[in-house]
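Here are my notes on this one, as numbered points. Have the model open while you read, and start with the hairpin in the first point.

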Amino acid sequence: MPGATVMVKGTSKGVVSNFDGDYEIEVNDPANAVLMISFIGFKTVEVPVNNQSVINIALEEDNALLEEVVIVGYGQQKKATLTGAIETVSAAVFEDRAVTNPALALQGQTPGLVVNRGSSRPGNEGLELQIRGATSVNYKDADGKLLPGAGSLIVIDGVPTINDNAFYNMNPDDIASISVLKDGAASIYGSRAANGVILVETKRGKSGEIKVNITSNFRVNTIGIKPAVSGLRDYAALNIDATDQDLAYAGTAWYWGWVNRETLVRMRDEGPGIYTTQYWGDIYLGEGNRFNDMYGTSYSNQTNLSISGGSDRAKYRVSAGYAENVGNLKPSYDGKKQYNLRFNHSYKLSDKINIETGISYFRSHVSGPSGGLGISSLAYDPPLFPAKNPYGQWYANFGVAGNRHSIANVLEGGRDEAYADQLKLNMAITYDITDDLNFRATASVDKEFLDQEIYKINIPTYTWFGEKAPESVNTTSSFEKKKKDISYQNFGAFLNYKKTFWEDHSFGVMVGTTSELTKTDDLYGYRQGFEDNGVYDLNVASPENNVTNAGGSSNWGFLSQLGRFNYGYKDKYLLEFTGRRDGTSKFHSDYRWSFFGGTSAGWVVTEESFMQDVSVLNFLKFKASYGEMGGQVGIGNHDYVSAINLGSAVFGTSASLQTTASIQGLTSLTRTWEKISVANYGAEFRLFDNKLAGSFDYFTKKNDGMLIAVNYPDLLGGTAPKTNSGLLEVKGWEAMLSWKSNIGDLKYNVSVNMSDTNNKLVSMEGIGIYKAYFNSTIEGYPLNSYFLYETDGFFANETEVDAYYAQLNNGGEIPNASNEAVRLRPGDTRKVNLDGDDVILGSGTIAGGDGDVKYMGDAAPHYTYGINLGFQYKGFDLSTFFQGVLNQNIVRTDGMAYPFVTVGNNQTTAYRGKTWTEENPNAAYPRMTFHTARANWNWKNNDFMMQNNRYIRLKSLVFGYTLENLKIGNGTLDRFRIYFSGNDLFELTSVKDGWDPEFGSSSNSSYPFNRTYSLGLNITF
C-alpha cells in the first residue's frame, strides 16, 4: 500500500511507504520500540519491533473513514484536506447492479452529475453526462448528438479516454473508484476540463495468495410505462367524440375516409370486420396495436471472472467479462453483445524503480433492425391493421400504404450491424529519487476500429384479399458500409515532491508535461438495388444507381505543461495552486497557446484548539476555489486553413461535365480558446461520532469569449467562421446529507443528495428572434428556452367567440372565421394578445417586444436528486436507490402530442374525458375537434401543454445473503453471495400524457424503458 505512514511511537521519526507498500526505518531501541502504521481509511496499528528486521503489517479497513482517500488529477489526496469540489463513487455502487454500462449506474449517485439517457435500446442509449449544467452553446450537432469533447472528460487510470465508448463499454466489475472533479480542481486538465472531469481507477492486484472471483447474473426485462395509445374501439370512440363536437357546433362534420358516423359507431361497437371507406375501398379493420405487437419481455445475462494475487515484487489482476443485453423488441433481435478483457500488472524492478503495465480490450456487437423503430412504429398510422392478412402475407396499412409497415420492417426489412473493437496499452515507470521526490513517466496507446453495415431489403405488402399493394417497405433495397479507425497516443512525464517540515508544514509540488495525438480515418460506401439472396455486400448492389462513396483522414494534437502546489499547516489551513499551459493544433500557431489554472483554500475549523471541547462536532471544513479552463468544442481540426471542395457541374459553350472548385467558407486566424471561469464556495461537516455527515457547495461558471456564429450581411459571400463573441453565465448549488449507524447487529444508512443549476445566455451578438415552442439560443434567456402562447381559458359561448374575432380582426394565425369547418367555437382556446397589436403571432423579437408567445421556462432538469437506503443484518443486506427530478419543463411534440395532430395518425387516449364539453365547461383541456387547423390552435404550443416532468424512480434494489469462509468438502470459499437485483422497478411521476419521464419530448418513437429483475451469484475462493 503506497503512502502509509510508519512512525516510531513517542518520536517524530517517520517514513512513508513507497508505491509497493515497502518501507525502511531506523529505530534507536529495537528491543523496546513500537511502530505506529497509519493510512487514511484504515485503522492505525501499533506493532512492537522486538528486535525484528522485517515487519509486515496488514491494515484493517476503517469503514467510517473509507471515503477519505480521493483520486485527484495526477495524484491522490486525503479527503479531509481537499479544497476542491470533488465527489467520490466507490466500487460498491457497481456491485450487484444489473447494468453493463457503468454510466447508467452513476445516475443520481452524486450531486452535480446529471446522466441523461434517450432510450433503453442496448448500445443506442444516447447517453449524456453533464457536470454542473451547460458550459457553452457548442455541445450538440445538427442531429442533436453531443459533439466530440462536449461532454465531461473521462480519465481511466490517469489517461484520458480515446472517446466516451471506452467508459460506456467498460466492465463495471473492473472499477475500483470514481472521482468527479467539478470546480477549479479540474483546471489541472486545462482546456480538456471545461465540462468537468470523471476519474476512473481500475482494480489492481494485491500481495498474497491467488484470489479467484466469479460473478454472474441472469436478467428478465419487462416493459415499464406503456404510452396511452388506442386500439380499434378506442380509436373509433375518439373519432366519434371529436366529430360529434364538430357536428354539434356546425351542423356538419368531416369523417375523413370513414364516410359517416355510422362507420365509426360500428367500429366502436362491433370491432373487426370489412369496412367500406371513401379513399381505400373495402378494407379489413381489426386490432393492430403496434405497441403490443412490437414489444415484450426479453432476457439478458452477464458473467465476469477475475484472478488476482502477487508477491512483494509483482502484483497482478486479470479479468474477463461477457454480457448480452437484449432489448424489448419482439419480432426480431435487438441487442448488444460485449466482451471485455483487462490485465493490470505492477513489478518492483528495484528498491527505487516500479513498473506498472495495463492492457484492456473490449469488443461490442450492436445488432438491430435497420428500420421500423421511428414514427412508423406507433404514431404514423391508426391501430386498425393486423400485421398479416389471412394468407400469411404482410397486410398493407389501409390496404395500400405498405411503406409504413413497422412489423415487416423490423423482421425482414434488413439489419444494422455495428462492431467496435478497442485496445489500450498503457505503462508507467516510477523512480524514487529520494524518499520525498520521485519521477514518473507514462505512455498510453489506444486503438479503436469501428465497422458498420446497414442494409435495407424491399418487402412487398398485400391487401387483405391477397392482392399486391401499390407500396412496399423499403421501396429500393440498399447497402451501406462505414469504417472508422481511430488512434490515440498520450505521453507524460512528472516530478512529484512531498515533504513535511518542522512537523506542521506539509508541502507538495508536482510539475509535468503531457502530449496527445489523435488520428482518424473514415471510409464510406453506399449502393442501391440488389436481390435478397442472403448475401449483403457492396458488390452485390448495382454499381449504376445512386452510388456514393466518401472518406478521409484527420488528426489533432495537444501539448501541455502543468503543475500543482499544495501547502497545509497542521492539516488546518490549506492552500492549493494549479496551472496548465495548453496548445492545440486546432488553432493558428499564433493563437493556439493559452494558460489555465486555479487556486483553492480551506480551513478545517475542528483542528482549532477552541473546537477541541465541542465533542458533538467531529469535523468542519470551509473551502473556496477559483479556476479557469478552456473550450474548443465545435471547432474543426484545421478550421483556420481554407479548404477547397472539388465537385462537378455541367456548363460551357458546349455543355459538358466540368470539374468545379469552391471554398467551404471564410476562415479566421485570430479565434482562440473559450475561457471558462469557475468559482466554488462550500462546507463539509460530520457530527455525532461521524454518524451524520453533509456538505453544501454554491458555484458560479462563466464562459466569456464563447465561440459563436456571428450574423453578417448577406453580401459577405460565404459562411463566416465562429468567433469569441459570446457570454454564458451559470449558477447553482449542491447538497448532500447522510446518516450511518447501527442498532445492535442491524446496521443501516441513509443518504440524500440534490443539486440545481441555472444558466443565462448574456450575449450572443443580439440573437433575439424567438418562435413558439423550443428556442435553443435567445440572448438574455437560458439555453433551450420554451416560448409559448399564454391562454385565458376557453370560450364559454358564441358571444365571447364573436368578440374575440372582432378584437383580432380575423387576422394572424387565428382560424378563418368565415370557414365554419375550422372557425373557433365555445370550448376552444382563448390566446392572449400579448403585444396588443390585435394579431396573434407565434414569433417575435426581444428588441421589439412583439409577438404573442412568452418565456415559460427552460428544458433543463432542475433539483435532481438521489436517495440511498441500506440495511445489513448479519449475512443479509438490503439496499435501495431512488433517483428523480423535482422540476423539468416538457412540451410534447410530434404525431401523438395531442388529439388529432393529424387525422391519419394513431391517437393518444391520455386526454379522453378531460376535455371541454357543454356538460363539463371547467375541463382542463379544450374542446375536441377532428379538424387539424383548429386542433393546432387549441393545443399546439399553448401554456397548458407544458408539463412538469417531475418523477421519483426506484432505480435500484438489491437484496442479498453472504456467507464468509464457506466449507465445501475439503475446500473453502472465501465468500459466497446470492442476491436479487432490480432496476427501474417503479416510479411516481407527474407526467399527464402517459409517457415515461425519461422519454423526452417527442411522441414519434415508441421504444419503451424497461424494468429489470435479476438473480446473481458472487463467489470468491
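1. Strands β44 (residues 862-873) and β45 (residues 876-887) run antiparallel to each other, with eleven bridges between them. Strands here are DSSP runs of E, at least two residues long, and helices are runs of H or I of at least four residues, both numbered from the N terminus. Two strands count as paired if DSSP finds at least two bridges between them. At one of the pairings, His862 faces Asn887 in β45. The two strands make a hairpin with two residues in between, and Lys874 in that turn has a positive phi of about 55 degrees.

2. A word on the source: this is a predicted model, where local features need pLDDT of at least 70 and side-chain atom pairs count only at pLDDT 80 or more, while totals for chains, interfaces and linings use all residues. Residues are numbered from 1 along each chain as its sequence is written, and side-chain values use heavy atoms, with hydrogens and water left out.

3. Back to β45, which also pairs with β48 (residues 951-968), antiparallel and through ten bridges. Here Gly884 sits opposite Ile952 in β48.

4. Next, look at β18 (residues 314-326) and β19 (residues 335-348), an antiparallel pair with 13 bridges. Arg317 has Asn344 of β19 as its bridge partner. β19 also pairs with β20 (residues 353-369), again antiparallel, over 14 bridges. In that pairing Tyr347 is opposite Ile355 of β20. Four residues separate β19 from β20, and the two form a hairpin.

5. There is a mixed sheet worth tracing as well: five strands, open, in the order β7-β12-β13-β10-β11. Its edges are β7 (86-90) and β11 (159-160), each of which pairs on one side only. Inside it, β10 (residues 153-156) and β13 (residues 197-202) run parallel and share four bridges. Val155 is partnered with Leu199 in β13.

6. Which residues does Arg1011 touch, leaving aside those up to four places away in sequence? Its contacts (heavy atoms within 4.5 Å) include Val220, Asn221, Thr222, Ile223, Gly224 and Ile225, and also Asn983, Asp984, Leu985, Phe986 and Glu987. Arg1011 lies in strand β51 (residues 1010-1020). Arg1011 counts as buried because its relative accessible area is 13%, where buried means under 20%, exposed over 50% and partly exposed in between (1.4 Å probe, protein chains only). Thr297 is 714 residues from Arg1011 in sequence, yet their C-alpha atoms are 9.6 Å apart.

7. For the chain as a whole, I count eight helices and 51 strands. Of its 1021 residues, 52% are buried. Among contacts between residues at least 6 apart in sequence, 69% join residues at least 24 apart.

8. On overall dimensions, the radius of gyration is 32 Å, which agrees with the value near 31 Å for a compact globule of 1021 residues. That radius is taken over C-alpha atoms, and the globule rule is 2.2 Å times the number of residues to the power 0.38. Along the principal axes, the C-alpha atoms fill a box of roughly 110 × 75 × 75 Å.

9. Last, the surface: the chain exposes about 44,200 Å², with 54% of it supplied by carbon and sulfur atoms (Shrake-Rupley method, 1.4 Å probe).
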